[in-house]
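What follows is a short walk through one model, from single loop residues to a sheet, its helices, its cysteines and a pocket. Please keep the sequence and the coordinates open while reading.

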Amino acid sequence: MKRKDIILIGGGGHCCSCIDVIEQEGKYNIAGIVDTQSKIGESVLGHKIIAGDKDLPKLVKEHSIFFITIGQIGKPEARKKVFHALNGLDVFLPTIISPIAYVSKHAKVGRGTIIMHHAIINAGVLIGHNCIINTKALVEHDAIVGDFCHISTNATINGGVKVENDTFIGSGAVTKENVVIREGSFIKANSIVK
């Protein structure tokens, strides 16, 4: 089966991690990367930066599948801006799941979200749109993760937790079960959230 072309938006460090997951997943052919105008012609892991932000309307005429590979430390504004722009251009934003992650068949994952290597998403979990569930993160049963959240490497979201929109959970952070993490929260690495 021929792989469909996908355009990535954002050519930094997070893009490298996304490329690796996309290549391992094997569903898409990376047709190019969008970054700043000054980086056009450069490569990220062998994939060319083919356009700048201003070129999105033109690219939409040639491609229909896009994925946001801008990282998120703290606030998600950059990712949100691109997500809303792409929605306005009527393109498809897939869910990307590493073949070496576990996502329960009883979980739901939103558009434009990436589940990285060795992450575990257990039964009853709901994950929103345009999220990063990073390497070795654990989202336990019946937890809810809102839109535009980043659950960092090795973080643990325990059962019944509600993570509201626009939240950043740092590496190694652990939540007590059934807590609510308010919208726009920034949880530092290695924190314990009670």
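In this predicted model, His118 is partly exposed, because its relative accessible area of 45% falls between the limits of 20% for buried and 50% for exposed. His118 is found in the loop that runs between strand 9 (114–115) and strand 10. The backbone of His118 has a phi near 65 degrees, which is a positive value in a residue other than glycine.

A second residue with a positive phi is Asn190, again not a glycine, and its value is near 65 degrees. Asn190 belongs to the loop between strand 21 (186–187) and strand 22 (192–193). With a relative accessible area of 61%, Asn190 counts as exposed, because the limit for that class is over 50%.

Val125 is also a loop residue, placed between strand 10 (120–121) and strand 11 (126–127). Is Val125 buried or exposed? Its relative accessible area is 0%, so Val125 is buried. Which residues are in contact with Val125, if neighbours within four places in sequence are left aside? They are His106, Ala107 and Lys108, together with Val139, Glu140, His141, Asp142 and Ala143. For Lys108, which is 17 residues from Val125 along the chain, the C-alpha atoms of the two are separated by 6.3 Å.

Now turn to the sheet. It is open, has 5 strands in the order 3-4-2-1-5, and its pairing is mixed. Strand 3 (43–44) and strand 5 (66–68) are the edge strands, each pairing on one side only. In general, strands of a sheet pair through backbone hydrogen bonds, and the pairing is either parallel or antiparallel. Strand 1 (residues 4–9) and strand 5 run parallel and are joined by 3 bridges. Across this pair, Leu8 stands opposite Phe67 of strand 5.

Two helices pack on this sheet. Helix 1 (residues 13–25) touches strand 1, strand 2 (28–35), strand 3, strand 4 (47–52) and strand 5. The direction of helix 1 makes about 165 degrees with that of strand 2. Helix 3 (residues 77–88) touches strand 1 and strand 5, and its direction makes about 165 degrees with that of strand 5.

How many disulfides does a search of the whole structure find? The count is 0. Cys15 is in no disulfide, and the nearest cysteine sulfur to it belongs to Cys16, 6.0 Å away. Cys15 has a relative accessibility of 0% and therefore counts as buried. Why is the sulfur of Cys18 not in a bond with that of Cys15, its closest cysteine sulfur? The two sulfurs are 6.6 Å apart, which is too far because a disulfide needs sulfur atoms within 2.5 Å. Cys18 is likewise buried, with a relative accessible area of 0%.

The last feature is a pocket. The largest pocket has a volume of about 290 Å³. Of the 18 residues in its lining, Ile9, Asp53, Ile70, Ala78 and Val82 are the closest to the centre. Helix 1, strand 2 and helix 3 are the elements that give two or more residues to this lining. Helix 3 gives the most, with 4 residues. Helix 1 and helix 3 thus appear in two settings: helix 1 packs on the sheet, as does helix 3, and both give residues to the lining of the largest pocket.

Definitions and conventions
Residues are numbered from 1 along each chain as its sequence is written. This is a predicted model: local features need pLDDT of at least 70, side-chain atom pairs count only at pLDDT 80 or more; totals for chains, interfaces and linings use all residues. Side-chain values use heavy atoms; hydrogens and water are left out. Two strands pair if DSSP finds at least two bridges between them. Contact means heavy atoms within 4.5 Å. Axes are lines fitted to C-alpha atoms, for helices over the stretch in contact, and angles run from 0 to 180 degrees between N-to-C directions. Buried means under 20% relative accessible area, exposed over 50%, partly exposed in between (1.4 Å probe, protein chains only). On a 1 Å grid over the protein atoms alone, a cavity is a set of points where a 1.4 Å probe fits but cannot get out, and a pocket is an open set with protein on both sides within 12 Å along at least five of seven lines; lining residues have an atom within 4 Å of a point. Grid points are joined across faces, edges and corners, and a volume is the space filled by probe spheres set on the points.
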